[in-house]
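Trainee: Could you take me slowly through one part of this protein, going residue by residue where that helps? I would like a close look at the loops and at how the parts of the chain meet.

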Amino acid sequence: MTDASGLPAAANMKVDGDRLWDSLMQMARIGPGVAGGNNRQTLTDADAEARILFRTWCEAAGMVMGLDRMGNMFMRHEGAEPDLDPVYIGSHLDTQPTGGKYDGVLGVLSGLEVVRSIRDMGLVTRRPIVVTNWTNEEGTRFAPAMLASGVFAGVLTEDYANSREDAEGLRFGDELDRIGWRGDEVPGDRKIHAMFEYHIEQGPILEAKGKQIGVVTHGQGLWWLQVTLTGKDAHTGSTPMSMRVNAGLGMARIIEAVHRIAMDHQPDAVGAVGQANVWPNSRNVIPGRAVFTVDFRSPDQAKLDRMRALLEDEAPKIAAELGLGIEIEPVGHFDPVTFDPELAGTLRLAAERLGYSHMDIVSGAGHDACWINRVAPTVMIMCPCVDGLSHNEAEEISPEWAKAGADVLLHAVLDTAGTVR
């Protein structure tokens with residue numbers, strides 16, 4: 001069934017949901033976790049294997065790969081007017097150490113499915129379409145998060161990115177070379193007409209509201225502050241309480257302060273410590289060193305900066321009271337984001353055309369789209385996830401949710417890229 005222009009009718013312009021789900025399940029076999037999810041951290045051998053599979057699928061769909069010096073993959077589907085700036089669809093294939101099967105991956109493979117579906121329907125777009133896998137979105141192995149998209153957007157330098165070290169002292173640049181995924185393109189040398197990022201919500205709102213589609217209008221800003229406390233290793237049994245210089249105790253008090261600071265800035269503010277290490281990490285040794293990362297987020301710039309300032313004022317006082325040395329280093333930051341209103345409107349129209357329920361939403365997490373939004377019109381679309389659970393191997397979505405968002409993505413991309421037949 002076609003309309004008066006000869007194009008497939010809107011009701012028929014949908015992705016193959018079964019093929020999308022099968023791709024997700026195949027990708028999930030690479031870098032399996034221990035509890036049903038994935039551990040496919042950036043620049044590991046599993047990351048390299050996932051990249052090979054993604055490239056193989058894209059090339060089978062007639063796409064051609066570009067690769068920049070940060071390892072960002074750009075899979076291009078040609079348009080009728082190759083000189084026009086392309087429409088990009090992007091997210092990431094790397095995961096948390098105990099990550100789920102959908103965070104990031106859904107957006108990359110849905111971009112592939114959009115191109116596959118366009119080919120299946122015999123459509124030709126005016127603008128090229130580029131499906132992107134951004135390197136090191138998660139930032140777990142190499143902080144900060146969204147590292148390679150940050151370099152692409154010009155907010156981070158290549159030298160800075162290449163110098164990032166993981167917990168074992170391995171450098172980002174060396175590991176990128178080791179797995180063989182460094183390209184020749186200068187990051188940021190590409191023109192982008194518009195970018196869409198499709199992602200699971202990573203929160204409970206869409207499921208609780210019974211909505212199939214989230215149109216992301218804003219993204220929270222973020223500060224990551226790495227705190228290093230230096231005390232004195234000592235025997236837990238024979239060192240008097242009054243003579244201890246306990247880095248673990250200092251960490252505990254600062255974590256409590258982080259919670260209180262965030263609570264004092266309600267609504268629309270959060271704060272926590274999710275990564276923490278003590279040394280020598282022995283059951284009968286008082287920690288002489290503690291390193292942990294404070295995560296503050298808010299869509300309100302003033303609140304975000306005020307929380308950081310309070311922590312940087314209070315933490316040294318806590319350390320001094322306990323006789324600890326302290327260093328505080330910002331290791332990740334981006335300002336609150338307002339995504340492109342016109343592209344958000346395109347998503348709403350696509351959802352309404354397809355009969356999918358939708359609502360506007362603010363992203364509580366950072367995404368590559370937050371950086372790309374600085375250099376090109378960008379928007380995000382989200383689908384629900386069960387109980388809002390993410391960064392957890394139990395992360396789950398339904399095939400129906402995945403397909404609904406991919407259908408909206410397909411229509412929005414076609415509306416933005418234009419079709420000639």
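Mentor: What follows starts with the domains and then turns to single residues.

Please keep in mind throughout that this is a predicted model. The domain assignment divides the protein chain into domain 1, made of residues 10-220 + 336-417, and domain 2, made of residues 221-334, and the C-alpha centres of domain 1 and domain 2 lie 33 Å apart. Where the two touch, 16 residues from domain 1 and 15 residues from domain 2 take part in the contact. The area buried between domain 1 and domain 2 is about 1000 Å², and carbon and sulfur atoms give 63% of that area. On the side of domain 1, Gln220, Pro336 and Trp371 lose the most area to domain 2, and together they account for 52% of what that side buries. If you sort the residues on the side of domain 1 that touches domain 2 by class, you find 9 nonpolar, 6 polar and 1 charged residues. The count of salt bridges between domain 1 and domain 2 is 0, while the count of residue pairs in polar contact, with both residues at pLDDT 80 or more, is 1.

Now to a single loop residue, Gln96, which is placed in the loop between strand S3 (87-91) and helix H3 (105-120). Its relative accessible area is 15%, and because that value is under 20%, Gln96 counts as buried. The side chain of Gln96 makes a polar contact of 2.8 Å with the side chain of Glu138, and another polar contact, of 2.9 Å, joins the side chains of Gln96 and Thr140. Once neighbours within four places in sequence are left aside, the residues in contact with Gln96 are Asn38, Asn39, Arg40, Gln41, Glu138, Thr140 and His391.

A second buried residue sits in a helix: Ile179 belongs to helix H6, residues 172-179, and has a relative accessible area of 12%. Not counting residues up to four places away in sequence, Ile179 touches Leu43, Thr44, Asp45, Asp47 and Ala48. Met27 is 152 residues away from Ile179 along the chain, and the C-alpha atoms of Met27 and Ile179 are separated by 18 Å.

Let us finish with the backbone, for which a general point is useful. Most peptide bonds are trans, and most residues other than glycine have a negative phi. With that in mind, look at the loop between strand S4 (129-133) and helix H4 (147-152), where Pro144 is found. The peptide bond from Ala143 to Pro144 is cis, with omega near 5 degrees. Met146 lies in the loop between S4 and H4 too, and its phi is near 50 degrees, a positive value in a residue other than glycine. Met146 has 2% relative accessibility, so this residue counts as buried.

The loop between helix H8 (247-263) and strand S9 (270-279) contains Pro267, and the peptide bond from Gln266 to Pro267 is cis, with omega near -5 degrees. Asp268 is placed in the loop between H8 and S9 as well, and its phi, near 65 degrees, is a positive value in a residue other than glycine. Asp268 is partly exposed, with a relative accessible area of 49%, whereas Met146 in the loop between S4 and H4 is buried.

Terms used: Residues numbered from 1 in each chain as written. Predicted model: local features only at pLDDT ≥ 70, side-chain atom pairs only at ≥ 80, totals over all residues. Heavy atoms only, no water. Domains from an automatic or database assignment. Contact = heavy atoms within 4.5 Å. Buried area = accessible area lost by both parts, 1.4 Å probe. Salt bridge = Lys/Arg side-chain N within 4 Å of Asp/Glu carboxyl O. Polar contact = N/O pair within 3.5 Å; in protein donor to acceptor, adjacent residues only side chain to side chain. Nonpolar A, V, L, I, M, F, W, Y, C, P; charged D, E, K, R; others polar. Helix = DSSP H or I, 4+ residues; strand = E, 2+ residues; numbered from the N terminus. Buried < 20%, exposed > 50% of the residue type's maximum accessible area, 1.4 Å probe, protein only.
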